[in-house]
Amino acid sequence: LNHSYEDFVNSVYDPASMGVIIDDEEQRSVIRFRGRSRMVCERIVEHCYPDQSDWLADLATIVASLMPQNANEIDTIRRLLILKMGPRGAQPFGDVRQMKAIFECAFDAGMRDSATLHHFALLLLDAGDFAQAEQFLSQALAVIDDERELGHFKTESRQNLYNSMGMVFGRRGLHIQLTGKESEAAPQFDRAMQYFRSARTGTSPSAYPYYCESFINYSRARNSIGAAKLPFLAAAFKSLDESDGNAPDDDKSSIGEMEAKILQYIATYLPNIGELIEAQIARGNPDGDYLNVRIKLRGDASQSQRVAAYDILTMALARTPKHVGCLRLAARLHILLHPDDWDGWSRLLHRWYAADDQPEQCGLLFDLGYSSCELGRYTEAARYFEQLDRASVGHPRRSGIVKKVIDGRAERRLSGVAKNIISPIEAWIRCDTIGQDLKFLPIKQKFTVAREQSVTFSIALNYRGMLAIELRPA
């Protein structure tokens with residue numbers, strides 16, 4: 001460290017760091033330390049390296065000496081390179097050349113860690129090195145698929161890797177598009193969309209794949225001219241619409257930001273958007289009707305604007321009955337405008353389900369199950385909730401109450417008999433009306449439920465299915 005032991009002790013050593021100093025007997029002039037406290041380690045580094053650029057060379061030496069089998073060392077280096085210094089870190093430091101050298105030292109030492117490979121690929125992507133970024137993302141995917149690989153190297157989510165791979169192909173496509181080679185760019189965009197769709201499926205649902213897919217389509221629109229912008233703007237909006245009910249509720253801020261960005265671009269750079277849309281509608285392109293409605297349906301849309309939008313969608317669907325974007329918007333508006341017309345809403349949802357090439361969507365499956373419950377079609381509802389249970393693993397809406405089944409303004413009450421009471425958080429009711437057992441939580445009830453006791457209950461719904469709540473003695 002090029003400092004005396006006395007200087008070290010007087011400046012940074014205190015009782016909180018007892019036991020972390022290692023005196024190397026073979027090298028009497030060298031004092032080594034292993035920090036148990038992050039704050040102590042940071043003070044040591046700040047003391048020994050007043051200029052941060054001075055410690056990059058030493059950091060490369062330390063990284064190059066790591067032991068791949070040591071999970072603690074791997075975790076420490078991973079956190080430093082990803083959370084602290086890397087391209088998405090809290091304190092990005094060093095230029096691409098400097099950071100690349102440090103990452104390569106880690107890889108040369110055997111750190112084939114999927115998360116580190118991922119973030120090195122992001123560094124290369126930011127530098128415009130698409131081929132190398134794709135290569136390192138492929139290596140990260142190979143690590144998590146390799147059964148022989150060390151477990152502490154498999155920390156990255158497959159969905160995150162797919163999403164980043166989508167950005168690699170998407171941004172490479174945008175780069176090629178700007179050179180005027182549309183035919184070469186198209187396959188890149190197709191691959192990007194495939195990866196974004198794959199990133200939506202898994203145990204870690206996120207709004208990011210929807211945001212990124214929308215961003216690439218929005219960027220394609222910006223790179224296009226005149227009416228050629230419209231299909232990409234429509235695709236960008238559709239990606240955002242598809243996040244409804246599928247992305248976690250607390251992860252939707254990026255969706256709102258992307259929508260605002262698209263609307264701002266249209267307002268600023270497409271003053272003749274109305275004429276362009278009318279021309280598309282005149283040619284029979286249903287995307288024209290979809291885009292017309294989607295631009296008008298802002299968050300502050302009035303009731304009369306919603307009615308007008310619904311009428312436009314109804315006419316568009318009469319011409320093109322299987323346009324998924326219009327069906328999705330029509331279903332969303334129908335339940336807002338006609339909150340008691342469960343049958344009409346259900347018919348729209350079933351048309352959407354039949355037309356969509358990816359019907360296994362959490363939001364759509366839940367709405368199908370919900371509308372079936374409201375119509376008393378519990379067997380049909382159970383079928384949709386069974387699909388939803390498989391598709392929604394990891395989704396926050398699997399817990400708590402998303403909706404309650406109602407009759408008019410009041411909660412629907414059904415009768416049943418308490419059967420298996422397994423624990424304070426698991427018991428089951430037999431209900432002949434529904435035709436299946438419903439789970440309830442004894443600990444949440446206002447009385448002690450006995451086995452074989454007749455009760456009435458309300459029905460709550462979440463992404464696991466139907467749940468009996470608010471039990472009362474019959």
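Confidence first: in this predicted model, the protein chain averages a pLDDT of 87, where pLDDT is the predictor's confidence in each residue from 0 to 100, and 86% of the residues score at least 70. Over residues 15-19, pLDDT stays under 50, and the model has 4 contacts for them beyond four places in sequence, a contact being heavy atoms within 4.5 Å. Where pLDDT is low, the predicted coordinates should not be read in detail.

A word on conventions: residues are numbered from 1 along each chain as its sequence is written, and side-chain values use heavy atoms, with hydrogens and water left out. Local features need pLDDT of at least 70 and side-chain atom pairs count only at pLDDT 80 or more, whereas totals for chains, interfaces and linings use all residues.

Turning to the interior, the largest nonpolar core, meaning buried Ala, Val, Leu, Ile, Met, Phe, Trp, Tyr and Cys residues joined through side-chain atoms within 4.5 Å, with buried set at under 20% relative accessible area for a 1.4 Å probe, protein chains only, has 127 residues. Among those with the most contacts inside this core are L233 and I262, and I262 touches S214, Y218, L233, A236, F237 and L240, leaving aside residues up to four places away in sequence.

As for cysteines, C431 counts as buried because its relative accessibility is 0%, and C362 counts as buried at 8%. With a disulfide taken as a pair of cysteine sulfur atoms within 2.5 Å, the count comes to 0 disulfides.

Conventions
Buried means under 20% relative accessible area, exposed over 50%, partly exposed in between (1.4 Å probe, protein chains only).
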